[in-house]
Amino acid sequence: KKLALLLLVGFGFVALTNQAAAQSKQEWPELKEFHKVMSQTFHPSEEGNLEPIKTRIGEMVEKAKTLQASKFPSDYNNDKMKKAVDQLVTDSQKLQKAIKEGASDKKITKSLSGLHDVFHQIVGLCSATEGHDHDHKEGEGHAH
């Protein structure tokens, strides 16, 4: 009986922790909006389809700038986060310029991949402030 109670309490705590983490991530709607564009352009590029990023790069730059200008949630309002968001804006603008100048697919793919890495750095900084003290192995924890 004690074991069942412990398991029940344990699962309840995990559910509460996950709910709290989800709620704190929802506090930054601008990040969520950027994520939508990133997800809908990056994943097709992994399969060689660059049409989404070529047609939506302007939207991505706009979402990055909106994120940069937004009120950072207090948990995320620090120099590391600001630097990473600034990098996101800079890199998305560079990618936009490259696309406008007719860059090769290889260059676009490489730039978008780098931009995706910066985005994950931001997501990682968000997760770090939520008490998650574990590292994801490459390819894990990247749900889009």
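Start by selecting residues 29-46, which form helix H2. At 1.5 Å a residue, the 18 residues of H2 should span 26 Å, and the end C-alpha atoms of H2 are indeed 26 Å apart, which agrees. Keep in mind as you look around that this is a predicted model.

Now zoom out for a moment. The protein chain has five helices and zero strands, so as you move from the N terminus, the elements read α-α-α-α-α. Of the 144 residues in the protein chain, 34% are buried. Among contacts between residues at least 6 apart in sequence, 76% join residues at least 24 apart.

**Inside H2**

Go back to H2 and color its buried residues: Leu 31, Phe 34, Val 37, Met 38, Ser 39, Thr 41, Phe 42, Pro 44 and Ser 45. An α-helix has 3.6 residues a turn, so residues three or four places apart point the same way. What do the buried residues of H2 pack against? Show the other helices and you will find H3, H4 and H5 there.

**H2 and H3**

Next, add helix H3, residues 51-69. Two packed helices are described by the angle between their axes and the distance between the axes. For H2 and H3, the angle is about 160° and the axes are 9 Å apart. The two helices are therefore roughly antiparallel to each other, and H2 passes H3 in a left-handed crossing. To see the contact, select side chains on both helices: among them are Leu 31, Phe 34 and Met 38 of H2, with Ile 53, Met 60 and Leu 67 of H3. Charged residues take part as well, including Glu 30 and Glu 33 of H2 and Arg 56 and Lys 63 of H3. By class, this contact has ten nonpolar, three polar and five charged residues.

**H2 and H5**

Hide H3 and bring up helix H5, residues 105-128. H5 has 24 residues and reaches 34 Å from its first C-alpha to its last, close to the 34 Å expected. H2 and H5 pack at an angle of about 140°, with their axes 11 Å apart. That makes H2 oblique to H5, and their crossing is left-handed. On the H2 side of the contact, look for residues including His 35, Phe 42 and Ser 45; on the H5 side, look for Leu 112, His 116 and Phe 119, among others. How many charged residues does the contact of H2 with H5 have? There are none: the contact has nine nonpolar and five polar residues.

While H5 is on screen, color its buried residues, among them Ile 108, Leu 115, Val 118, Ile 122 and Leu 125.

**A stop in H4**

Now select Ser 92, in helix H4, residues 79-100. Is Ser 92 buried or exposed? At 0% relative accessibility, Ser 92 counts as buried. Leaving aside residues up to four places away in sequence, Ser 92 touches Ile 57, Met 60, Val 61, Ala 64 and Leu 115. You have already met Leu 115 as one of the buried residues of H5.

**The end of H2**

Finish by returning to H2 and selecting Glu 46. At 52% relative accessibility, Glu 46 counts as exposed. Add Thr 109 and compare: Glu 46 and Thr 109 are 63 residues apart in sequence, yet 8.0 Å apart in space, C-alpha to C-alpha. Then step just past H2 to Gly 48, which takes a positive phi of about 85°.

Key: Residues numbered from 1 in each chain as written. Predicted model: local features only at pLDDT ≥ 70, side-chain atom pairs only at ≥ 80, totals over all residues. Heavy atoms only, no water. Axes fitted to C-alpha atoms, helices over the stretch in contact; angles between N-to-C directions. Helix = DSSP H or I, 4+ residues; strand = E, 2+ residues; numbered from the N terminus. Parallel < 35°, antiparallel > 145°, perpendicular 65-115°, else oblique. Left-handed = near helix turned anticlockwise from the far one by under 90°. Contact = heavy atoms within 4.5 Å. Nonpolar A, V, L, I, M, F, W, Y, C, P; charged D, E, K, R; others polar. Buried < 20%, exposed > 50% of the residue type's maximum accessible area, 1.4 Å probe, protein only. Expected span 1.5 Å × (residues − 1).
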